[in-house]
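Grab a coffee and open the viewer. Here are a few exercises to work through with the model on screen.

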Amino acid sequence: MSNIPPREPVTLVCHPVRSMAHPVAGSVPIRCKQCETPVWLSPTSFDRVRLGASVLCLACAHREIVAAEARGEPPEWGGFLPGQVEELKRELRDEQNPT
Ligand SMILES: [Zn+2]
């Protein structure tokens with residue numbers, strides 16, 4: 001009974017299908033709630049979505065984070081999980097600076 005999903009709204013940031021050819025085994029495509037881009041939902045996130053979590057693609061999540069920062073809101077705005085914002089920023093940096 002560890003790892004019970006929180007009941008408040010949670011935002012899940014998912015990788016677009018087009019940018020990830022080999023997602024986590026068992027992942028299923030689902031649509032970003034804002035732009036409807038198909039993104040991968042990993043099996044560990046199924047329960048969260050069932051409990052009402054929102055799914056955002058990387059681009060929409062980034063827009064929301066930038067907007068929240070501009071309003072002076074905390075990084076855990078909108079139900080991002082602890083550490084998720086930093087992880088997202090790292091991934092966006094990697095995406096903008098392909099090696
Ligand atoms: Zn989106």
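What follows is a set of tasks on this predicted model, each with a worked solution.

**Exercise 1. Get the overall layout.**
Work out which elements the protein has and in what order they come.

*Solution.* Start by counting: the protein has 3 helices and 4 strands. Next, walk along the sequence, and the pattern reads β-β-β-α-β-α-α. Then look at burial: 20% of the 99 residues count as buried. Last, check the contacts between residues at least 6 apart in sequence; 53% of these join residues at least 24 apart.

**Exercise 2. Decide how far to trust it.**
Find which element has the lowest mean pLDDT and which the highest.

*Solution.* First take the whole protein: the average pLDDT is 80, and 77% of the residues score at least 70. Now go element by element. Helix H3 (residues 84-96) comes out lowest with a mean of 72, while S2 comes out highest at 96.

**Exercise 3. Take the hairpin apart.**
Describe how S2 and S3 pair, then say what is going on at Glu36.

*Solution.* Step one is the pairing: S2 and S3 run antiparallel, with 4 bridges. Step two is to pick out partners. Ile30 sits opposite Val39 in S3, and Arg31 has Pro38 as its bridge partner in that strand.

Step three is the turn. The two strands make a hairpin with 6 residues between them, and Glu36 lies in that loop, between strand S2 (28-31) and strand S3 (38-41). Its phi is near 65°, which is positive even though Glu36 isn't a glycine.

Is Glu36 buried or exposed? Count the neighbours: a residue with 12 or fewer other C-beta atoms within 10 Å counts as exposed. Glu36 has 10, so it is exposed. As a final distance check, Val55 is 19 residues away from Glu36 in sequence, and their C-alpha atoms are 9.7 Å apart.

**Exercise 4. Find the middle of the core.**
Which residues of the largest nonpolar core touch the most other members?

*Solution.* The core has 16 residues, and the best-connected ones are Cys14, Val39, Val55, Leu56 and Cys57. Now ask where the core residues come from: strand S1 (11-14), S3, strand S4 (54-57) and helix H2 (58-70) each put in at least two.

Zoom in on Cys14. Ignore its neighbours within four places in sequence, and its contacts are Val39, Trp40, Leu41, Val55 and Cys57.

**Exercise 5. Read the two sides of H2.**
Work out which residues of H2 are buried and how they are arranged around the helix.

*Solution.* Begin with the length. H2 has 13 residues and spans 18 Å from first C-alpha to last, close to the 18 Å expected at 1.5 Å a residue. Its buried residues are Cys60, Ala61 and Ile65. Looking down the axis of H2, you'll find the buried residues within an arc of 135°, so they line one face of the helix. Flip to the other side of H2, and Val66, Ala67 and Ala70 are exposed.

For the background, remember that an α-helix has 3.6 residues a turn, so residues three or four places apart point the same way.

To finish, step past the end: Gly72 follows H2 and has a positive phi, near 75°.

Definitions and conventions:
Residues are numbered from 1 along each chain as its sequence is written. This is a predicted model: local features need pLDDT of at least 70, side-chain atom pairs count only at pLDDT 80 or more; totals for chains, interfaces and linings use all residues. Two residues are in contact if their C-beta atoms, placed from the backbone, lie within 7 Å. A nonpolar core is a set of buried Ala, Val, Leu, Ile, Met, Phe, Trp, Tyr and Cys residues joined through C-beta atoms within 7 Å. Two strands pair if DSSP finds at least two bridges between them. The expected span of a helix is 1.5 Å times one less than its number of residues. The arc is that of the directions from the helix axis to the C-beta atoms. pLDDT is the predictor's confidence in each residue, from 0 to 100.
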